[in-house]
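This report is an introduction for a reader who has not met this structure before. Please look over the sequence and the model first, and then read on.

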Amino acid sequence: EIHIKEPIEKEVNPHLLPGELLLCEASTVYKYIQEDGSNRGTYGKLVCTNFKISFLDDDSASDDNEPQFKNKIVGENDITLQCVDQIYGVYDEKKKLLTGQLRKYPEKLIIYCKDLRVFNFCLRYTKEEEVKRIVSGIVHHSQTPKLLKRLFLFSYASAAPNNTDGRNQTVMFETLEDWRDELERTKGNVKYKAVTTNEGYRVSEKLPLYFVVPICISEESILKYEGRGIPIWCWSCHNGAALLKMSAFPKEQDDSTSQMQKAFLDGIYKTISKPPYELVKMDDLSSSLPSLQDIQTAYTRFKQLFLIDNSTDFWATDVKWFSLLESTNWLEIIRRVLKKAIEVAECLEIQHTNVLLIEETATDLCCVISSLVQVMMDSYSRTKSGFQSLIQKEWVIGGHCFLDRCNHLHKSEKEEAPVFLLLLNCVWQLVQQYPPAFEFTETYLTVLSDSLYVPIFSTFFFNSQHQRDTNKSGESLKTQSGPFRFLTVWDWSVQFDPKAQAFLNNPLYAEKPKPDRSQRKTARFKHQRQLSLPLTQAKPSTKRGFFREETDHLIKNILGKRIGKFINSSDEPPNSLREFYDSWHSKPVDYHGLLLPRIDGPEIKVWAQRYLRWIPEAQLHGGGTIATAAKILDLMEEVQSLQVKMDEERSQAVSGDVHSVPMLRNSARLSSLFPFALLQRQSVKPALPTSTWKDLEDEDDLVKRDDEFVDLSGDML
């Protein structure tokens, strides 16, 4: 049965941004509602512009039922061209990946997005010519290689009137003063200096215009190998120990060159390592952390768990959830990265030792570890402006290749790797473990991850500061000539109005150190899909099983400590690190001091808001943390209004900087994944076919476990 909403009678035109051009469109396109197995949906117009793919129905024209959390640039039915992951066509009920030229056009179109949305369009009722135009247009503009200047970023920058600077309090690290201020803030200016050696990019196009090096490093050393082999300063600890990074020399070199480079490195090392006063620990991240290829492979497997076509697909994976999640290896990679950051923190905090991170380009895993260490050790980096300044310093100016790693131009899939997403996943672990320590919320991290694919901001669309600067010059539609004025993603007013921006700020942020309050564990609903793996051994082994760690412990007790050391996992933290970790976790948490993430077993969780927000089956109606937050926000609003009344009675001027808190009335109707999932429809779990249960009879212990309990009598959530 097909439940048809009447086709649009009035003409609905797309809302176009400055510089946005309509390329192709198709009428009478039927968009399926994703969450159930029926063919319910709505008719509308499917359009493709040089910025986005958009579906327009009669609801698009009305402002009724407008969500509290609305993005002004990308609507609910909009997909930016950079956000398209894969496009499939359905031919006679068979899915086929669409790339390049098409000989035959599909009857259905399925678009998988990088933000995990899935769109299903039926083209059976659309005119054949329009089908050809819209399908070939969408595939061409979203999947084929393109030139940098063809990005919508340039069209928007040349046509948008009066672009705001939008810096707010974010330090952009584009000037020498910014670097000197950061040195002064961290008390690093005694041992380190900001240099102008790369002005005009005469040293290297990969290095920023300005950066910081140890005072003893000469300009000649920096120039010798285009900045390679030079320790570059990231941050200084309160005790004077510093975090440094260095791009390594290529491994495949002839003997004479290799000898010269080794001698050069020995000289550099002697200048920065002066025992017992200055100790340096070198850490080659390419050997101690997973490769970029491993990270990409793990994330590709992981995201498939959430790109769900319909309810049946979701429930089919539910009984295998733990094994599927474990097999992706994504949570294990997050755990390893967090563990490495703890190691670095221990060296800086306890051993007072400088740490030098080494990587081939020092722009991928170096960025992840250095950023994480600063978030863990520097409370300024846990404020909104501080975190944004950190991303600017380590990633944008630091030279992370966003264009290549996000594959924005579709040039090479070999270079693609979700390195920045890995950082956000790691920071989210800290945010959900220690909410009062952060001025921003998980919603902030989610919209920041979405902004990776919005090409009106220059922040995530260049490989280096040099590339950005050299592409700034261009023709403007308004002034005939002159440099482009790119927007920065940190101007949140471009995407959200003030009411929506309030969701990015944590109302429970502990602005002053408070005495420890024992961390309460969030109540776990019996039938909620678990977001972390059960307690397993740290490193996956050939012998699968959730209770391997317990059996290992038993064997150690039986055979004694002498044999225990031989069967201990090779990935177990060294004793000093374990002592540091356990000692810190045994003390009250100082939300403005050092923060160490909990990394044992099920402490590493799935970022539910980002990955499950489009799946109604995974949502708790009137439950989750949002139910608690709603009550707290209402209480805060009441306190603020009483404060205003008291101030008025005392005839004092009311501060105009009162924190606006969004209204969250009737929290019983909100979803646990609010504000992305608002008033979602109920989803009924289908009865599993008898054959499925027969397949599961051999896995009785798996089915009977509480946290994977399957109740056929009603909703699981």
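## Pairing in the sheet

Strand E3 (residues 52-56) pairs with E4 in the antiparallel sense over 3 bridges, and Lys52 has Thr80 in E4 as its bridge partner. Two strands pair if DSSP finds at least two bridges between them; strands (E, at least two residues) and helices (H or I, at least four) are DSSP runs, numbered from the N terminus.

These strands belong to an open sheet of 8 strands with antiparallel pairing, in the order E4-E3-E2-E1-E8-E7-E5-E6. Strand E4 (78-80) and strand E6 (94-97) stand at the edges with a single partner strand each, so one side of each is left without a neighbour in the sheet.

## Basis of the model

This is a predicted model, in which local features need pLDDT of at least 70 and side-chain atom pairs count only at pLDDT 80 or more, while totals for chains, interfaces and linings use all residues. Residues are numbered from 1 along each chain as its sequence is written, and side-chain values use heavy atoms, with hydrogens and water left out.

## The nonpolar core

The largest nonpolar core (buried Ala, Val, Leu, Ile, Met, Phe, Trp, Tyr and Cys residues joined through side-chain atoms within 4.5 Å; buried means under 20% relative accessible area, with a 1.4 Å probe and protein chains only) has 165 residues, and Phe387 and Ile456 have the most contacts inside it. Helix H10 (residues 330-349) gives the most to this core, with 12 residues.

Terms used. Buried < 20%, exposed > 50% of the residue type's maximum accessible area, 1.4 Å probe, protein only.
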